[in-house]
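Student: I have a model open and want to learn how to read it. Can we go feature by feature?

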Amino acid sequence: MPAGRVLLCDQAPEAAHEIAERFLREGLNLERVASAAEARARIAAGAVDLVLCGPALADGLGLDVCAAVKDDPTTHHLPIIVIADPDEPDARINALRAGADGFFAAPFDVDGVQGRGLANP
């Protein structure tokens, strides 16, 4: 079975590096983008199985990418997990309102993603 194709949308290089290393060790294919425009282009191309959205991107918010994907009938099926600051009081509520399928407080454990059956289709 081919490895899951994970798109990480996050502009924080240190967080992205840590997440990327862990996914690569688990044998998953991970691509990182830092902007909402890049994320939308990769998603529209159908090149991903799972999207992880950080809170801030170079040109917008991860929640905006989530909402756009879930509002589009051609991509609404794509699982999206929002990664947010655990100290943000409304982070979970905002993620769910944007249509997220899951929510993890940063830093998170990649095993939790795989345990949901999302990262390795």
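**Reading the model around one lysine**

Tutor: Keep in mind that this is a predicted model. Start with Lys-70: leaving aside its neighbours within four places in sequence, Lys-70 touches His-76, His-77, Leu-78, Pro-79, Ile-80, Ala-98, Gly-99 and Asp-101.

Student: Is Lys-70 buried or exposed?

Tutor: The cut-off for buried is under 20% relative accessible area. Lys-70 has 18%, so Lys-70 counts as buried.

Student: What does the side chain of Lys-70 reach?

Tutor: The backbone oxygen of His-76, at 3.0 Å.

Student: Where does Lys-70 lie?

Tutor: In helix H3. For any such helix, start from the turn. An α-helix has 3.6 residues a turn, so residues three or four places apart point the same way. Now take H3, residues 62-71: Gly-62, Val-65, Cys-66, Val-69 and Lys-70 are buried. They sit on the same side of H3, because they cover an arc of only 125 degrees around the axis.

Student: Which elements do the buried residues of H3 pack against?

Tutor: Helix H2 (36-44) and four strands: S3 (50-53), S4 (56-57), S5 (60-61) and S6 (80-84). H3 lies across S3 and S6 and runs at about 165 degrees to S6.

Student: Now the sheet. In what order do the strands come?

Tutor: The general idea is pairing. Strands of a sheet pair through backbone hydrogen bonds, either parallel or antiparallel. Here 5 strands make an open sheet, ordered S2-S1-S3-S6-S7, with parallel pairing. S2 (29-33) and S7 (102-105) are the edges; each has a single partner strand, so one side of each lacks a neighbour in the sheet. From one strand to the next, the twist averages 20 degrees.

Student: Over how many bridges do S3 and S6 pair?

Tutor: Over 3 bridges, in the parallel sense. Val-51 stands opposite Ile-80 in S6. Ile-80 is also among the contacts of Lys-70.

Student: How many disulfides are there?

Tutor: Recall the chemistry. A disulfide is a covalent bond between the sulfur atoms of two cysteines. To call one, the sulfur atoms must be within 2.5 Å. The count here is 0 disulfides. Take Cys-53: the nearest cysteine sulfur belongs to Cys-9, 4.2 Å away, and Cys-53 is in no disulfide.

Student: Why is Cys-66 not bonded to Cys-53?

Tutor: The closest cysteine sulfur to that of Cys-66 is in Cys-53, 6.2 Å away, which is too far for a bond.

Student: Are these two cysteines buried or exposed?

Tutor: Cys-53 has 0% relative accessibility, so Cys-53 counts as buried. Cys-66 also counts as buried, at 0%.

Notes:
Residues are numbered from 1 along each chain as its sequence is written. This is a predicted model: local features need pLDDT of at least 70, side-chain atom pairs count only at pLDDT 80 or more; totals for chains, interfaces and linings use all residues. Side-chain values use heavy atoms; hydrogens and water are left out. Buried means under 20% relative accessible area, exposed over 50%, partly exposed in between (1.4 Å probe, protein chains only). Helices (H or I, at least four residues) and strands (E, at least two) are DSSP runs, numbered from the N terminus. The arc is that of the directions from the helix axis to the C-beta atoms. Contact means heavy atoms within 4.5 Å. Two strands pair if DSSP finds at least two bridges between them. Axes are lines fitted to C-alpha atoms, for helices over the stretch in contact, and angles run from 0 to 180 degrees between N-to-C directions. A polar contact is a pair of N or O atoms within 3.5 Å; within protein, one must be able to donate a hydrogen and the other to accept it, and residues adjacent in sequence count only if both atoms are side-chain atoms.
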